[in-house]
Amino acid sequence: IEKKQHKDDIGHGLHRWQQSYTLHEVVREWGHLQICVIDELDNYGLTHPDVPRDLMAVVRRAWIQRCTQGVNESVAQYSRVQEVEATGRLRDLQGALEHLRQVERQRAESWREAVHDLRGNVGLVTSSSFLLNEDGVPDTLRSKAVNVLQSSVDSLRHMLEDLLSLARLEAGHEQRQVEAFDASALLRGMCEALQPLAHEKGLFLECDGPASLPVEGDSIKVRRVIQNLALNALKYTREGGVTVA
């Protein structure tokens, strides 16, 4: 009987938690039950004067002990469940904060890399412009300076576009313009535009895939993403080449 009562008391605390009772309401419910049963015992004693008083006292004491035990077990289970949920919420909050930290670190790293790349390309533009303005520079060197200048200007333009895209994303202004387009034609055209850069580095740049690939999406953003991937691939490939498939 005691095991069953213990189980019922624990179940009561869990049930009240699931019903969104507050801890104060759980305790008040037990207090109300205790008062109701005591009143019933008193009424029973009045209507049955032949019942010994000491027996009624024993029953009253047993009921008070039962209620006290019930309150303790019910409140303990309620508190355990509350603690478990609080721990889970804390864990979720810690996970969310760590994710935000990672995002902030990645964002800071992205801006740092962008500034570094911009500084490098500005340096190349400055050096090339200086050579072009100098007198007596050999034609071969002048031609190389022109090529470097053009390549650096193109890189600066792409970087500025990336920075603007990042700024729009962080400001919540970036939106998709979904429309039908041929992904194959878009990628082949992009590869053709990047051929001079690949040739300059002594690399091959190939585009492999179906002749036509009709899709729906934002063609500008698709091109931007694939172009960034291809540019990075060409930038860090030392020999051989790059295949866009």
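A residue is called buried when its relative accessible area is under 20%, exposed when that area is over 50%, and partly exposed in between. With this yardstick in hand, the predicted model described here can be read residue by residue. R60, for instance, has a relative accessible area of 31%, so R60 is partly exposed. Its salt-bridge partner is D42, and the closest N and O atoms of the two are 2.1 Å apart. D42, at 29% relative accessibility, also falls in the partly exposed class. This pair ties together distant parts of the chain, since D42 belongs to helix α2 (residues 23-47) and R60 to helix α3, with their positions 18 residues apart.

The salt bridges of the model come to four in number. Among them is the one joining the side chains of R101 and E98, with 3.1 Å from N to O. Why do R101 and E98 stand about one helical turn apart? They are three residues apart in helix α3, which means a separation of about one turn. A general point about helices helps here: an α-helix has 3.6 residues a turn, so residues three or four places apart point the same way. E98 also forms a salt bridge with R105, where the closest N and O atoms are 3.2 Å apart. Through these shared partners, E98, R101 and R105 become one network. The members of the network can be placed on the accessibility scale as well: E98 has a relative accessible area of 30% and is partly exposed, R101 is partly exposed at 43%, and R105 is partly exposed at 48%.

Further along helix α3, which covers residues 53-133, lies V125. Is V125 buried or exposed? Its relative accessibility is 18%, and because the cut-off for buried is under 20%, V125 counts as buried. Beyond its neighbours within four places in sequence, V125 is in contact with L149, S152, V153 and L156. The C-alpha atom of V125 is also separated by 8.9 Å from that of A145, a residue 20 places away along the chain.

Attention now turns to the nonpolar cores. The largest of them has 11 residues: M190, C191, L194, A198, L203, L205, A230, L231, L234, V242 and V244. Which elements give two or more residues to this core? They are α5 (183-200), α6 (219-236) and β4 (241-244). The greatest share comes from α5, with four residues. One core member, V242, is in contact with F204, L205, E206, A233, L234 and T237, leaving aside neighbours within four places in sequence. A second core, separate from this one, has nine residues, including V26, W30, W63 and Y78.

Helix α5 deserves a closer look. Its buried residues are A183, S184, L186, L187, M190, C191, L194 and A198. They pack against β1 (179-182), β2 (204-207), β3 (214-217), α6 and β4. At the N-terminal end, D182 caps the helix, with a side-chain oxygen 3.0 Å from the backbone nitrogen of S184. The length of α5 can be checked with simple arithmetic: at 1.5 Å a residue, its 18 residues should span 26 Å, and the end C-alpha atoms are indeed 26 Å apart, so expectation and model agree. Helix α5 nevertheless bends by about 45 degrees at L194, and the proline P196 follows within four residues. P196 itself is part of α5 and, at 54% relative accessibility, counts as exposed. Its C-alpha atom is separated by 9.2 Å from that of S151, although the two residues are 45 apart along the chain. After the helix comes G202, whose phi is positive, near 70 degrees.

The last stop is D218, found in the loop between β3 and α6. At 9% relative accessibility, D218 counts as buried. What does the side chain of D218 meet by polar contact? One partner is the side chain of K221, at 3.0 Å. In addition, a polar atom of the D218 side chain lies 2.7 Å from the backbone nitrogen of Q177. Residues up to four places away in sequence aside, D218 touches Q175, R176, Q177, V178 and F181.

Key: Residues are numbered from 1 along each chain as its sequence is written. This is a predicted model: local features need pLDDT of at least 70, side-chain atom pairs count only at pLDDT 80 or more; totals for chains, interfaces and linings use all residues. Side-chain values use heavy atoms; hydrogens and water are left out. Buried means under 20% relative accessible area, exposed over 50%, partly exposed in between (1.4 Å probe, protein chains only). Contact means heavy atoms within 4.5 Å. A nonpolar core is a set of buried Ala, Val, Leu, Ile, Met, Phe, Trp, Tyr and Cys residues joined through side-chain atoms within 4.5 Å. The expected span of a helix is 1.5 Å times one less than its number of residues. The bend at a residue is the angle between axes fitted to the seven residues ending there and the seven starting there. A polar contact is a pair of N or O atoms within 3.5 Å; within protein, one must be able to donate a hydrogen and the other to accept it, and residues adjacent in sequence count only if both atoms are side-chain atoms.
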